[in-house]
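I opened the file to look up how the strands pair and how the helices lie against them. My notes are below, in the order in which I worked.

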Amino acid sequence: MSKYSRKLAKLTDTEPKQETAVLVALIHQHESDVVVQEHLDELAFLTETLGAKAIHRFTQKMEKPDARTFVGSGKLEEIRSYIEYFGVDMAIFDEDLSPSQVKILENELKIKVYDRSMLILDIFLSRAKTAQAKTQVELARYQYLLPRLTRMWTHLERQRGGTATRGGAGEKEIETDKRDIRQKIDLLKEKLKKIEKQGNTQRKGRKGIVRVALVGYTNVGKSTLMNLLTKADILAENKLFATVDATVRKVVLENIPFLISDTVGFIRKLPTHLIESFKSTLAEIKEADLLVHVVDLSHPGYQDQISVVNQTLNEMGAGDKPVIMVFNKIDIAPKMPSEAERMLMSEHEVESANFIDFEKLEQSYTKKSEIKPVFMAAGNGTNIAGFRKVITSEVKKIHQKIYPHYLEDEVFDLSGFGMEE
């Protein structure tokens with residue numbers, strides 16, 4: 001070995017090692033392998049958003065989760081062997097685990113165990129920027145952690161010391177942790193009340209102007225569309241929950257002023273604590289006059305994502321609002337080929353490609369609503385003019401109801417409406 005090679009060998013790699021994870025999911029009755037893999041793809045994307053890398057997936061067909069270990073004993077042994085052999089850092093489950101399941105799994109696997117809710121909460125915590133969003137996520141995280149304090153989660157990071165016997169040092173330590181967390185929850189609730197009071201005052205100041213809210217599944221392109229419409233500089237990247245904070249901007253189209261807000265994306269099995277904590281942010285949706293439901297048409301499960309969003313809107317009491325359906329990412333969606341092109345393809349090729357018939361889709365949603373859906377690609381600006389035309393038309397209708405005698409050459413002074421410029 002040369003002198004230069006020996007020097008290189010002594011160098012230490014200071015770059016932090018990326019944590020690795022295994023994903024675990026159950027295949028329930030009537031669930032196809034394709035659907036389960038789609039759900040695991042989403043879980044892998046969530047894992048990547050957190051900063052870890054999913055290196056293997058485990059699935060098991062079961063009617064219901066095992067009460068102790070979620071999966072069966074044989075599958076648990078398989079997971080443990082893989083973790084030990086490859087030195088995996090964490091195991092991530094696609095469903096919520098009970099406090100006892102988390103404790104047993106951590107003892108069995110000897111690594112960090114995340115369930116779906118904890119994973120989403122940690123992502124939200126890393127993404128939150130405003131005081132309100134940070135407080136909301138912290139509150140939700142503490143509420144979720146309180147019944148789940150185990151040796152790996154006391155003080156959120158530090159391991160518990162002492163024995164595990166009842167009444168020993170470890171037991172006293174965990175009781176201290178619980179007391180600390182309850183105090184933090186009380187403080188965060190008080191802080192959130194003050195922030196919400198300010199938010200309510202701001203929203204009251206916006207009365208008399210049309211309010212539009214962008215809604216949709218996470219990572220469908222809402223922030224990109226917002227940037228196009230308002231020329232704002234909102235974070236838009238190919239990660240889940242790139243936007244956690246609700247952002248409000250003013251827009252004037254054809255001399256009609258309105259406010260538009262970009263809200264947090266919805267997702268399958270959104271943690272209950274998170275929905276509860278984000279009520280004030282989601283108030284932007286509840287108090288909107290018009291919703292713009294953005295859909296990623298390139299996603300194979302886009303219909304399921306539409307259902308998740310609609311269900312969440314109904315649960316929030318916002319399911320009866322007028323909606324503009326925006327089918328986004330048409331540039332990469334599998335559009336139905338022409339008849340001549342289909343003649344050159346086999347039936348199997350056509351079926352397996354899951355082509356989307358844009359015309360049939362438009363007819364279907366036009367029947368459900370008086371507002372025609374918009375097909376566009378916000379990423380490259382395709383049909384932004386068509387979107388502007390539709391949203392202007394719908395905003396005008398609502399604005400006309402508020403101000404029947406409004407003169408179009410007048411433009412309101414929108415200062416003091418409590419939104420970011």
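The entries cover two sheets and the helices that go with them.

Entry 1. I note that this is a predicted model.

Entry 2, the four-stranded sheet. I looked up the strand order and found an open sheet of four strands, β2-β1-β3-β4, with parallel pairing. The edge strands are β2 and β4 (112-114), each of which pairs on one side only. On average, neighbouring strands in this sheet are turned by 20 degrees against each other, direction ignored.

Entry 3, pairs within that sheet. I followed β1 (residues 20-27) along β2 (residues 53-61) and found eight bridges in the parallel sense. In this pair, Ala25 stands opposite Thr59 of β2. Between β1 and β2 the chain passes through helix α2 (residues 33-50), and the β-α-β crossover is right-handed. I then checked β3 (residues 90-93), which pairs with β4 in the parallel sense over three bridges. Tyr114 in β4 is the bridge partner of Ile92.

Entry 4, helix against helix. At what angle do α2 and helix α5 (residues 116-127) pack? I read about 40 degrees, with the axes 9 Å apart. At that angle α2 counts as oblique to α5, because it falls outside the ranges for roughly parallel (under 35 degrees) and roughly perpendicular (65 to 115). The crossing of α2 and α5 is left-handed.

Entry 5, residues in that contact. From α2 I listed Glu42, Leu43, Leu46, Thr47, Thr49 and Leu50. They meet Arg116, Leu119, Ile120, Asp122, Ile123 and Arg127 of α5. Sorted by class, the contact has six nonpolar, two polar and four charged residues.

Entry 6, α5 and the sheet. I also looked at which strands α5 lies across, and they are β3 and β4. Relative to β4, α5 runs at about 95 degrees.

Entry 7, the six-stranded sheet. This one is open as well, with the order β6-β7-β5-β8-β9-β10 and mixed pairing. β6 (247-253) and β10 (374-375) stand at its edges with a single partner strand each, so one side of each has no neighbour in the sheet. I traced β6 to its partner β7 (residues 256-262) and found the two antiparallel, joined by seven bridges. Val252 stands opposite Pro257 of β7.

Entry 8, a helix over the six-stranded sheet. Which strands does helix α11 (residues 302-316) lie across? I found β5 (210-216), β8 (290-296) and β9 (323-328). The angle of α11 to β8 is about 155 degrees.

Technical notes:
Residues are numbered from 1 along each chain as its sequence is written. This is a predicted model: local features need pLDDT of at least 70, side-chain atom pairs count only at pLDDT 80 or more; totals for chains, interfaces and linings use all residues. Side-chain values use heavy atoms; hydrogens and water are left out. Two strands pair if DSSP finds at least two bridges between them. Contact means heavy atoms within 4.5 Å. Axes are lines fitted to C-alpha atoms, for helices over the stretch in contact, and angles run from 0 to 180 degrees between N-to-C directions. A crossover is right-handed if, with the strands pointing away from the viewer, the path from the first strand over the helix to the second runs clockwise. Angles under 35 degrees count as roughly parallel, over 145 as roughly antiparallel, 65 to 115 as roughly perpendicular and the rest as oblique. A crossing is left-handed if the near helix is turned anticlockwise from the far one by less than a right angle, and right-handed if clockwise. Ala, Val, Leu, Ile, Met, Phe, Trp, Tyr, Cys and Pro count as nonpolar, Asp, Glu, Lys and Arg as charged, and the others, Gly among them, as polar.
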